[in-house]
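Dear colleague,

Please find below the structure that I am handing over to you, together with its sequence. My account of what was found in it follows directly after.

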Amino acid sequence: MMDPTRAILGTYGQVFIDGVWQTNINKLEASVEVEKRELKLAGQDWTVHKLGTKKGTGTMSGYKVTSDMISRGFAKFNIINKLSDPEAYGFERIELLNCVPDKIQLANWTAGEEVAEETAFTFEGYRLLDPIVAG
C-alpha cells in the first residue's frame, strides 16, 4: 500500500535557467512526444510501430520580476527542474537541453493585479540527473 506521506507536492519545485534559480516561477510543465510510424507486415494481424523522432515541449509560468526573458531573446538555454518534498524518498532533477522560447511576452498586465509571465518553449533533449527511488 502506498504511504501517502511519500506523495510529492509541487510546493517544493524549483527551476534553474543556466544554473540560476528562478524564484518567480511557480509552474513548469515539460514533456516529450515520440513520432511513431505504423508498419503493416505480411502474416501479422497487428499493426506494429517503429519509433521516429522525438519532440520536447514545455511551458513555465510565474510572476514577472525582471526583464530577463525579454533580454534573453531567442538564444538557447538549459533548464534544470528540481522536484523535491521533505517527506519524499528523495528529489528528482531533470535537465532540459537547448530550450528556445516559442514567443517572448513583451506586455501583459492589468491595473491592480500581479503581472504573470508565461513562456512556452521547445527543447532538444533531456538528462535525468537525479532519479527518485523508493527506499
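The protein has a radius of gyration of 19 Å, whereas a compact globule of 135 residues would have one near 14 Å. Please note that this is a predicted model, and that every value in this message is computed from it. Along its principal axes, the C-alpha trace spans about 65 × 40 × 30 Å. Buried residues account for 23% of the 135 residues.

As to the fold, the protein contains 1 helix and 8 strands. Their order along the sequence is β-β-β-β-α-β-β-β-β. Of the contacts with a separation of 6 or more, 66% are between residues that stand 24 or more positions apart.

I turn next to the charged side chains. The count of salt bridges comes to 9, and three of them are described here individually.

The first to be described joins D130 and R93, with 2.4 Å from N to O. D130 belongs to strand 8 (residues 126-130) and R93 to strand 6 (residues 92-101), so this pair ties together parts that are 37 residues apart in sequence. D130 has a relative accessible area of 23% and is therefore partly exposed. R93 is likewise partly exposed, because its relative accessibility is 27%.

Salt bridges with shared partners also link D18, D68 and R72 into one network. Within that network, the side chains of D68 and R72 meet at 3.2 Å, N to O. Both residues lie in helix 1 (residues 68-72), where they are 4 residues apart, about one turn of the helix. D68 is partly exposed, as its relative accessible area is 29%. R72 has a further partner of another kind: its charged end sits over the ring of F77, 5.1 Å from the ring centre.

The remaining salt bridge that I wish to mention is formed by the side chains of R37 and E35, at 2.8 Å from N to O. E35 has a relative accessibility of 35% and so counts as partly exposed.

A separate case is E117, which is located in strand 7 (residues 116-123). Is E117 buried or exposed? Its relative accessibility is 9%, and because the limit for a buried residue is under 20%, E117 counts as buried. The side chain of E117 makes a polar contact of 3.5 Å with the side chain of K64. When neighbours within four places in sequence are set aside, E117 is in contact with M60, S61, G62, K64, M69 and Q105. K64 thus appears both as a polar partner of E117 and in its list of contacts.

Finally, there are the aromatic residues. How many aromatic pairs does the model contain? The count comes to 1 aromatic pair. This pair is formed by F121 and F123, whose ring centres are 6.3 Å apart; the planes stand at 45° to each other, and the pair is classed as tilted. F121 and F123 are both buried. Elsewhere, R6 lies over the face of Y89, at 4.2 Å from the ring centre.

Should you wish to go through these points with the structure open, I would suggest starting with the pair D130 and R93, which meet in a salt bridge, and then turning to E117 and its polar contact with K64.

Yours sincerely

How values were computed:
Residues numbered from 1 in each chain as written. Predicted model: local features only at pLDDT ≥ 70, side-chain atom pairs only at ≥ 80, totals over all residues. Heavy atoms only, no water. Helix = DSSP H or I, 4+ residues; strand = E, 2+ residues; numbered from the N terminus. Buried < 20%, exposed > 50% of the residue type's maximum accessible area, 1.4 Å probe, protein only. Polar contact = N/O pair within 3.5 Å; in protein donor to acceptor, adjacent residues only side chain to side chain. Contact = heavy atoms within 4.5 Å. Salt bridge = Lys/Arg side-chain N within 4 Å of Asp/Glu carboxyl O. Phe/Tyr/Trp six-rings, centres within 6.5 Å; stacked < 30°, edge-to-face > 60°. Lys NZ or Arg CZ within 6 Å of the ring centre and 35° of its normal. Rg over C-alpha atoms; globule rule 2.2 N^0.38 Å.
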